[in-house]
Amino acid sequence: MTSRGLFITFEGTEGSGKSTQFRLLIERARAEGHTVVETAEPGGTSIGRQIRKILLDPANSELGPTAELLLYFAARAQNVDELVNPALACGEMVISDRWTDSSWAYQGTGRRLGTDLVEQLDTIACRGLVPDLTIYLDIDLETGLRRARSRNVETQLNESRLDDETLDFHATVRKAYFELAQRYPGRFRMVDASRTVEEIATDIWRLVEERK
Ligand code: TYD
């Protein structure tokens, strides 16, 4: 029997360099001979990408917090069934750009929907699937938002609905991540994202090697 693969997730506030580190880790793990399945939240699957469009389009200003929360979990449930669980069952490494911790921080805390509600929905959508390692890239808010907003102008992706939130909102989200680090010190690892790309990548690889 193949043993279950390793499930790694990335978390971070806006402009933390998460996408760069996500890519570097995938490349490194593949270079070391791992079969890696990459996914993202919201997104990852075709259904997930359709849901992502609704969630991140700034034109959808009427989208209510509860509908927003349920859409994130709808995308996640699809990801679990279609991609993550099958890959883990084959012993593969799954690396996801965001997971339930984002809903905990952004919707549960940032939107004040309550973290209990997020945990209940996680039970329904993920059915006990929890990341083995979560890498949280921490950056101060001003630096992060400056980076995120200039990227939105450059890429013209029309995905700024959450980046456009107030500084207070993002401060609350960052505090929620600190709380997760305290709650789950084994799984949830905070990495200082104000350093060079290489320094951060070295730290992340060390954390992954500890789990292999
Ligand atoms: P992402 O694609 O990771 O973009 P970024 O690199 O800008 O962080 O995430 C898109 C947005 O979706 C981001 O602002 C965080 C938000 N989000 C939530 O609010 N809740 C969730 O459960 C997830 C997965 C993401």
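Let's start at Tyr136: its relative accessibility is 0%, so it counts as buried. Please keep in mind that we are looking at a predicted model.

What does Tyr136 pair with? There are seven aromatic pairs in this protein, and one of them joins Tyr136 to Tyr177. A ring pair is described by two quantities, the distance of the centres and the angle of the planes. For this one, the centres are 4.6 Å apart and the planes make an angle of 25°, and the pair is classed as stacked. Along the chain the partners are 41 residues apart, with Tyr136 in strand β4, residues 133–138, and Tyr177 in helix α7, residues 167–183, so to speak a link between distant parts of the chain. Tyr177 also has 0% relative accessibility, and therefore counts as buried too.

Those two tyrosines belong to a cluster of aromatic residues, together with Tyr106, Phe169 and Phe188.

Tyr106 takes us to helix α4, where it is one of the buried residues. How many residues of helix α4 are buried? The helix spans residues 100–110, and 11 of the 11 are buried, so the rest of the structure largely encloses it. Among them are Trp104, the charged Asp101, and two glycines, Gly108 and Gly110. And which elements do these buried residues pack against? Three helices, α3 (65–89), α5 (115–126) and α7, and three strands, β1 (7–12), β4 and β5 (188–192). Just past the end of α4, have a look at Arg112, where phi is positive at about 60°.

Now let's zoom out to the whole fold. You'll find eight helices and five strands, arranged along the sequence as β-α-β-α-α-β-α-α-β-α-α-β-α. Taking contacts between residues at least 6 apart in sequence, 78% join residues at least 24 apart.

On overall dimensions, the radius of gyration is 16 Å, which agrees with the value near 17 Å that a compact globule of 212 residues would have. Along the principal axes, the C-alpha atoms fill a box of roughly 50 × 40 × 35 Å.

As for burial and surface, 48% of the 212 residues count as buried. The exposed area is about 10,200 Å², with carbon and sulfur atoms supplying 52% of it.

Last, the charges, for those of you who like electrostatics. The protein carries 27 positive and 34 negative side chains, and the centres of those two sets lie 1 Å apart.

Technical notes. Residues are numbered from 1 along each chain as its sequence is written. This is a predicted model: local features need pLDDT of at least 70, side-chain atom pairs count only at pLDDT 80 or more; totals for chains, interfaces and linings use all residues. Side-chain values use heavy atoms; hydrogens and water are left out. Helices (H or I, at least four residues) and strands (E, at least two) are DSSP runs, numbered from the N terminus. The radius of gyration is taken over C-alpha atoms; the globule rule is 2.2 Å times the number of residues to the power 0.38. Buried means under 20% relative accessible area, exposed over 50%, partly exposed in between (1.4 Å probe, protein chains only). Contact means heavy atoms within 4.5 Å. Accessible areas come from the Shrake-Rupley method with a 1.4 Å probe; for residues, only the protein chains shown count as cover. The place of a charge is taken as NZ of Lys, CZ of Arg, CG of Asp or CD of Glu. Rings of Phe, Tyr and Trp (its six-membered ring) pair if their centres lie within 6.5 Å; planes under 30 degrees apart count as stacked, over 60 as edge-to-face and the rest as tilted.
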